Structures are given as structure tokens and as C-alpha cells.
Amino acid sequence: IPINKEMKVCKSLDEVNKMYKSFQNKRDSLPYDIDGVVLKVNDRRMQHDLGSTAKAPRWSRAYKFPAEQKTARVQDIQLQVGRTGAITPVAWLTPTDLAGTTVTRATLHNADEIERLDVRINDTVVVQKAGDIIPEVVEVLPNLRQKDSRPFHFPKHCPSCESELIRPEGEVVHRCPSSKC
């Protein structure tokens, strides 16, 4: 069975930390993509004593790297309608190379998140890939805000069918009640 040639046995937490930082520093130069490292106890008796849950062994843990972050400019904010009628605001960004792909769109999650971040059209924002997969806006850089930036106002009607949107009490998501959506 082929194994990673980078595998290393660590005898202390200090060695584990050094190994983690080493992988973090060289991750971009590896011939494969990684989003972290996996640490495993290699003593069979300790593995047995630690046991496992229904889904995973307690003697093995994944340690993820912090997400790569880049800046981009919000060119527009548009809404997309999900299969359950959930309305998700999406920032359309200047093309930005991030974690191996060119990102042009990023989720803004919901109206509360837009308000919390104070995201505006033409703002410069910090973008990352959540779990190294889904692009999201994590921060607005207000010191780089353009004079022509425009606040986004969440609409009252569905962008697809024009039905009036609902926001169930206690939820952050707006939904289109139409069966078409």
C-alpha cells in the first residue's frame, strides 16, 4: 500500500507542532492539494484504550490549516434561489486566485450577514474558502471603501418569480413560498 513519503513519527507535542508548521509552510509547493494534517496514535494498546465513536477513531485527529485569504472587490450582489426556496445573497467579485481556483462569486449567507459585515457594492473585501471549498466573504475593509460604494437592500420579492418573500420567525433565511421556486 503506498504511503505518503512525508509521513513522520513524532515523539512530543513540540515535534507535532513543528511538523504541522512545516506542512503549512510547504503546502503550496507539494504536488498535491492538502488542507491539513492527520495525527494518529501509533501504539495499538493506546488505540484500543482510546476507542472510537460510531463514526471515527478517537486515536486519530485531523488538524486543518487556516483558510487562505485574499482581497477582492464586490462588483454586484445578486440573489440565488435554492431548491427549498431559500434566498441566498451572492457577491460577484473581481476574479481572485484563491486556494487553487479563480473565485468570482462568494456567499454572503443571508441578510443579517450583509448587515453585520456592512458589505456594499464596490467594497473591497477579504474572501476565503470555507473548508477550502465554498468561497465566502469574511470581512469588509472599510478603509478601502470607494466613494461610489452602494448599500445593498434585501428585496421584498423573489428575484425569480416576483412572489413576496417570507422570513419565518426565529430564522435568518428569507424564502420564496412559491412552488415554482
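A salt bridge here is a side-chain nitrogen of Lys or Arg within 4 Å of a carboxyl oxygen of Asp or Glu. The model on screen is predicted, and it holds nine salt bridges. This tour stops at some of them.

Select R145 and D123 to begin. Their side chains meet in a salt bridge, with 2.8 Å from N to O. R145 sits in the loop between β8 (134-140) and β9 (150-151), while D123 belongs to the loop between β6 (120-121) and β7 (124-130), so the pair ties together parts that are 22 residues apart in sequence. Is D123 buried or exposed? D123 has a relative accessible area of 0% and is therefore buried, because buried means under 20%. R145, at 24% relative accessibility, counts as partly exposed.

Keep that pair displayed and add R120 and D118. The side chains of R120 and D118 form a salt bridge at 3.2 Å, N to O. R120 is partly exposed, with a relative accessible area of 23%; D118 is also partly exposed, at 32%. With D118, R120, D123 and R145 in view, the selection covers one network, joined by salt bridges that share partners.

Move next to helix α1 (residues 13-26), and select D14 and K18, which both lie in this helix. The two residues are four apart, about one turn of the helix. Their side chains meet in a salt bridge, 3.4 Å from N to O. Switch to a surface view to compare the partners: D14 counts as partly exposed at 45% relative accessibility, whereas K18, at 56%, counts as exposed. The cut-off that places K18 in the exposed class is over 50%.

Methods: Residues numbered from 1 in each chain as written. Predicted model: local features only at pLDDT ≥ 70, side-chain atom pairs only at ≥ 80, totals over all residues. Heavy atoms only, no water. Buried < 20%, exposed > 50% of the residue type's maximum accessible area, 1.4 Å probe, protein only.
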